[in-house]
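Thanks for coming, everyone. I'll walk through a few local features of one model. Please have the structure open.

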Amino acid sequence: MRVLGVDPGLTRCGVGVVEGVAGRPLTMLGVGVVRTPADADLGHRLVAVEQGIEQWLDEHRPEYVAVERVFSQHNVRTVMGTAQASAVAMLCAARRGIPVALHTPSEVKAAVTGSGRADKAQVGAMVTRLLRLGAPPKPADAADALALAICHIWRAPAQNRLQQAVALHTPKGRTA
């Protein structure tokens with residue numbers, strides 16, 4: 001399974017590609033950040049994020065895209081920018097027919113560190129260890145993108161089995 005993880009943001013949108021299957025060693029295929037100038041027009045920034053994500057999709061051809069689920073914060077401006085960048089990533093994937101999965105920050109932290117309350121340093125350290133890297137990816141947005149991809153690889157098989165079980169036990173015409 002090849003997954004593009006996206007840690008959405010308008011100034012720094014982390015991207016990382018991981019390949020592998022649950023229970024086996026994983027391989028990092030690429031990691032980086034799509035950057036936009038903070039003083040640029042919002043529309044131009046969104047186009048820059050789109051172009052960056054499209055380049056990653058072209059280069060790495062992921063089977064899935066895992067995006068951090070936007071959650072409410074105190075700073076509404078930050079939430080809006082994150083949500084807009086998240087929507088761009090989902091749009092790019094959907095346009096190509098690539099399934100998108102949303103994972104909460106605490107779900108990702110729990111998957112890679114064992115604690116949903118882990119800090120950025122702990123996530124970076126575990127990503128480094130799990131992918132057998134020489135040093136944690138910088139900035140933290142890049143490490144978070146890899147953590148999203150790892151989380152999806154590890155959790156997707158169980159989620160798929162749950163969805164299939166629900167589908168089998170849901171009467172036709174009804175949704176769960």
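**Helix H4 and its surroundings**

Let's begin with Thr128, which lies in helix H4, residues 120–130. A word on the source: this is a predicted model.

Is Thr128 buried or exposed? Buried, because its relative accessible area is 11%, and the cut-off for buried is under 20%. What is Thr128 in contact with, leaving aside its neighbours within four places in sequence? Leu133, Gly134, Ala135, Pro136 and Pro137.

Now the rest of H4. Its buried residues are Val123, Gly124, Val127 and Thr128. They cover an arc of only 135° around the axis, so they sit on the same side of H4. Turn to the face away from that buried side, and you find the exposed residues Ala121 and Arg129.

Next, the two ends. At the start of H4, look at Asp119. One of its side-chain oxygens comes to within 3.1 Å of the backbone nitrogen of Ala121. Ala121, remember, is one of the exposed residues on the face turned away from the buried side. Just after H4, Arg132 takes a positive phi of about 55°.

**Backbone oddities**

Stay with Arg132. Its phi is positive although Arg132 is not a glycine. Where does Arg132 sit? In the loop between H4 and H5. Arg132 counts as exposed because its relative accessibility is 53%, and the cut-off for exposed is over 50%.

Further along that loop there is a peptide bond to check. Which residues does the cis bond join? Lys138 and Pro139, with omega at about -10°. Pro139 is placed in the loop between H4 and helix H5, which spans 140–169.

Arg61 is another non-glycine with a positive phi, here about 45°. This one lies in the loop between helix H1, 42–60, and strand S4, 64–68. Arg61 has a relative accessibility of 56%, so it counts as exposed.

**Strands S4 and S5**

On to the strands. How do S4 and S5 run? They run parallel, and 4 bridges join them. For a position to click on, take Ala66: it stands opposite Ala101 in S5.

S5 covers residues 100–103, and its side chains alternate. Ala101 and His103 point to one face and are buried. Val100 and Leu102 point to the other face and are not buried. That puts the Ala101 that stands opposite Ala66 on the buried face of S5.

**Cysteines**

Last topic. How many disulfides are there? The count is 0. As a reminder, a disulfide is a covalent bond between the sulfur atoms of two cysteines.

Why is Cys92 not bonded? Because the closest cysteine sulfur, in Cys13, is 9.5 Å from the sulfur of Cys92, too far for a bond. The cut-off is 2.5 Å between the sulfur atoms. Cys151 is in no disulfide either. Its nearest cysteine sulfur also belongs to Cys13, and that one is 17 Å away.

Are these two cysteines buried or exposed? Cys92 has 0% relative accessibility, so it counts as buried. Cys151 is buried too, because its relative accessible area is 0%.

To recap, please take three spots back to your screens. First, the buried side of H4, with Val123, Gly124, Val127 and Thr128. Second, the cis peptide bond between Lys138 and Pro139. Third, the parallel strands S4 and S5.

Terms used:
Residues are numbered from 1 along each chain as its sequence is written. This is a predicted model: local features need pLDDT of at least 70, side-chain atom pairs count only at pLDDT 80 or more; totals for chains, interfaces and linings use all residues. Side-chain values use heavy atoms; hydrogens and water are left out. Helices (H or I, at least four residues) and strands (E, at least two) are DSSP runs, numbered from the N terminus. Buried means under 20% relative accessible area, exposed over 50%, partly exposed in between (1.4 Å probe, protein chains only). Contact means heavy atoms within 4.5 Å. The arc is that of the directions from the helix axis to the C-beta atoms. A polar contact is a pair of N or O atoms within 3.5 Å; within protein, one must be able to donate a hydrogen and the other to accept it, and residues adjacent in sequence count only if both atoms are side-chain atoms. Two strands pair if DSSP finds at least two bridges between them.
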